[in-house]
Amino acid sequence: MHTSIKRAIALTFVGLILVGFAILVPSVLTNQLHKGIIKYRILVAGSPSFANFESDTQPGASKQWMNFYIWNVTNSEEVLQGSKPKLVQIGPFNYREYDVRFNITWEADQNGLASVVNSMKQEYYVYSGGKDPKNEIVTVLNVPAIGIRAKLSQTDEWYSTLGLDSLMSITNSDFFITLTVEELLWGKEYNLLQYINSTLQPGTPIFWGVENNSTTKEEAAKLLEYKSDQRKTGVSNISEVGVFTIFKGQDHLDNWGSKEANRIGGTDGTAFHPGVKKDEILEAFVEKFERKGTIVYEKSLKVEGILLYRYVLSKEDLYNVSTQPAYYLYAPNGMMNISVTRGV
């Protein structure tokens with residue numbers, strides 16, 4: 001009898017221990033897993049995420065490709081006489097984009113934690129396939145000339161545009177230009193800009209292209225005017241990891257029509273904080289557009305058996321100036337006018 005009682009007590013004790021393990025172990029494992037994810041994601045020296053942040057050439061880093069398509073104008077002379085342009089799409093021109101960050105420093109908060117990281121970014125592109133940009137010839141708008149004409153048209157002086165016409169005649173320039181795709185994408189010297197730089201306004205850039213292709217860190221720093229970006233490391237608050245606080249030395253922008261549109265915030269869009277929920281509205285700061293966008297949940301899907309959430313740019317971010325006058329420069333719905341970010 002006593003043996004049975006002892007056995008029952010022992011079994012009850014073991015059962016309680018097992019129940020305790022069943023309750024505590026998952027909680028402990030979940031907690032350890034969460035700590036491990038945070039340690040992986042914070043942007044501090046030694047973390048895997050920081051290695052990828054420093055250079056996307058690291059193993060496991062997200063790779064980026066850019067595929068360019070060009071609209072070739074086939075009737076430029078007729079367009080100058082008032083005809084509608086005839087366009088032929090040429091492409092793709094495929095490039096692997098590389099991002100390397102340098103001049104990296106950290107700043108501590110009041111608790112001594114490395115809460116923000118400062119850096120400059122070098123972007124360069126390597127041709128990876130598609131049509132040959134060195135041999136494809138296209139006729140497109142002469143963007144520097146159009147930009148100068150647009151700025152002059154904002155003045156009251158009647159002779160401004162007449163002066164530009166004279167300058168264009170002197171420099172053998174036109175409102176259309178024929179050049180290689182490589183020159184269009186990565187830049188070339190323009191006669192009109194050279195003349196303005198040498199005679200009217202010294203210091204005017206003479207080189208213009210759709211994108212910058214910085215082959216050295218010094219060249220990248222010069223393009224950035226030696227101004228850094230700043231992001232939150234996630235050490236103080238993991239939900240803020242990677243969020244921009246300063247872009248090219250500015251804590252706000254002056255490109256757009258409202259305070260909210262000019263606000264700097266969100267990650268670069270390649271990663272967000274752990275534990276993202278479906279109903280959560282995310283922000284991504286698109287550096288090439290120099291503005292933030294809103295990312296919203298679209299649907300769930302599986303890739304290689306792994307459940308994923310797909311997020312897309314909100315429809316509101318694709319409206320034009322007629323519906324969002326404070327947000328955008330003029331452009332058709334579905335397109336964004338980024339001329340202000342290209343110095344036009």
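Three exercises on a predicted model follow, each with a worked solution.

Residues are numbered from 1 along each chain as its sequence is written, and side-chain values use heavy atoms, with hydrogens and water left out. Local features need pLDDT of at least 70 and side-chain atom pairs count only at pLDDT 80 or more, while totals for chains, interfaces and linings use all residues.

**Exercise 1.** Determine which strands stand at the edges of the sheet 10-11-12.

Solution. Strands are DSSP runs of E, at least two residues, numbered from the N terminus. Two strands pair if DSSP finds at least two bridges between them. The three strands form an open, antiparallel sheet in the order 10-11-12. Strand 10 (282–286) and strand 12 (306–313) each have a single partner strand, so one side of each lacks a neighbour in the sheet, and these two are the edges. Five bridges join strand 10 to strand 11 (residues 291–303). Ala 284 stands opposite Gly 293 in strand 11.

**Exercise 2.** Classify the ring pair of Phe 68 and Tyr 95.

Solution. Rings of Phe, Tyr and Trp (its six-membered ring) pair if their centres lie within 6.5 Å; planes under 30 degrees apart count as stacked, over 60 as edge-to-face and the rest as tilted. Here the centres are 5.9 Å apart and the planes at 80 degrees, so the pair is edge-to-face. Phe 68 lies in strand 1 and Tyr 95 in strand 2, 27 residues apart.

**Exercise 3.** Find the ring under the charged end of Arg 291.

Solution. A charge sits over a ring if NZ of Lys or CZ of Arg is within 6 Å of the ring centre and within 35 degrees of the ring normal. The charged end of Arg 291 sits over Trp 256, 4.7 Å from the ring centre.

How values were computed: Helix = DSSP H or I, 4+ residues; strand = E, 2+ residues; numbered from the N terminus.
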